[in-house]
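Trainee: I'm new to this one and would like a close look at a single part of it. Could you pick one helix and walk me through what surrounds it?

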Amino acid sequence: MKKKQNKNKELIQKSAFGAVFSACACALLLIGGIFEILDMTASALASLAVLITYLEFGFSTALSVYAVSSILSFILNPVATSNVYYILLLGYFPVAKLIIDNKFKNIRPLRALLKFLIFNIGCAAILFIFFKLTGADKIMQEFTIGALSPRYVIIIIFALLNLFLVLYDRMISVLSVLYIRVLRRRFLSKR
């Protein structure tokens with residue numbers, strides 16, 4: 001009987017925590033949709049809700065928060081680019097990063113390669129969707145920056161996005177440690 005009560009209590013905690021963090025992620029994504037200049041920043045901040053959920057309750061609950069926040073934010077504001085960044089790139093990346101880091105602790109080059117591969121596939125999907133839906137591929141054919149052709153502009157965009165990945169990856173590592181060592185005790189000490 002006691003085990004069943006503890007299991008029910010844990011399920012209620014997971015559900016409540018997941019609902020609150022899904023709502024927080026949706027709110028951040030809506031802000032990113034309203035203020036387009038904050039779209040990638042809002043997506044990165046919303047992904048922290050998935051990260052904290054993963055650190056507290058594991059993969060399945062984090063996946064639920066990611067899925068619920070993705071669906072709700074898409075329903076509430078279907079044209080926001082922050083939703084696209086979150087769904088295809090930043091929403092799942094913190095969990096993927098931690099799983100890769102834990103699985104391949106001693107193989108640093110493989111960890112970096114896998115993270116760059118996952119991130120660049122997401123970036124390619126975003127650019128493909130952006131170009132095909134907006135017709136920007138036709139615009140890019142005539143677009144040049146100085147002597148740079150459209151191909152080089154895309155290469156520069158990918159280089160800058162990979163620089164963002166390095167910084168974002170480091171931020172996730174630091175915030176994970178900060179959360180586990182400091183914030184968890186303050187906010188969830190009665191768990």
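Mentor: Sure, let's start with the outside and work inward. The protein exposes about 12,000 Å², and carbon and sulfur atoms supply 71% of that area. Keep in mind that this is a predicted model. Its secondary structure comes to eight helices and zero strands, and buried residues make up 36% of the 191 residues. Among contacts with a separation of 6 or more, 69% link residues 24 or more positions apart.

The part I'd pick is helix H2, which covers residues 39–57. Just ahead of helix H2 is the loop that joins it to helix H1 (2–34), and Phe 35 sits in that loop. Phe 35 counts as partly exposed because its relative accessibility is 47%, and partly exposed covers the range between the 20% and 50% cut-offs. Phe 35 also belongs to a nonpolar surface patch of about 530 Å², together with Ile 31, Ile 34, Ile 37 and Leu 38.

Now go inside. The largest nonpolar core has 32 residues, and Val 50, Tyr 86, Leu 89, Leu 90 and Phe 119 are the ones with the most contacts inside it. Two or more residues each come from H1, H2, helix H3 (59–76), helix H4 (81–90), helix H5 (93–103), helix H6 (108–134) and helix H8 (150–187). Your helix, H2, gives the most to this core, with eleven residues. As general background, nonpolar side chains in soluble globular proteins tend to be buried together.

Let's go residue by residue. Leaving out anything up to four places away in sequence, Val 50 touches Ala 62, Val 65, Tyr 66, Tyr 86, Gly 91 and Val 95.

Next, find Thr 53, also in helix H2. Thr 53 counts as buried because its relative accessibility is 0%, and buried means under 20%. The side chain of Thr 53 reaches back to the backbone oxygen of Ala 49, at 2.7 Å. Again skipping residues up to four places away, Thr 53 touches Phe 17, Phe 21, Gly 58, Thr 61, Ala 62 and Val 65.

Finally, look at Leu 55, another residue in helix H2. With neighbours within four places in sequence set aside, Leu 55 is in contact with Leu 98, Ser 176, Tyr 179, Ile 180 and Arg 184. Take Ile 180 from that list: Leu 55 and Ile 180 are 125 residues apart in sequence, yet their C-alpha atoms are 8.0 Å apart in space.

Definitions and conventions
Residues are numbered from 1 along each chain as its sequence is written. This is a predicted model: local features need pLDDT of at least 70, side-chain atom pairs count only at pLDDT 80 or more; totals for chains, interfaces and linings use all residues. Side-chain values use heavy atoms; hydrogens and water are left out. Patches are made of residues with over 30% relative accessible area and no salt bridge: like charges are joined within 9 Å, nonpolar side chains (Val, Leu, Ile, Met, Phe, Trp, Tyr) within 5 Å. Accessible areas come from the Shrake-Rupley method with a 1.4 Å probe; for residues, only the protein chains shown count as cover. A salt bridge is a side-chain nitrogen of Lys or Arg within 4 Å of a carboxyl oxygen of Asp or Glu. Helices (H or I, at least four residues) and strands (E, at least two) are DSSP runs, numbered from the N terminus. Buried means under 20% relative accessible area, exposed over 50%, partly exposed in between (1.4 Å probe, protein chains only). A nonpolar core is a set of buried Ala, Val, Leu, Ile, Met, Phe, Trp, Tyr and Cys residues joined through side-chain atoms within 4.5 Å. Contact means heavy atoms within 4.5 Å. A polar contact is a pair of N or O atoms within 3.5 Å; within protein, one must be able to donate a hydrogen and the other to accept it, and residues adjacent in sequence count only if both atoms are side-chain atoms.
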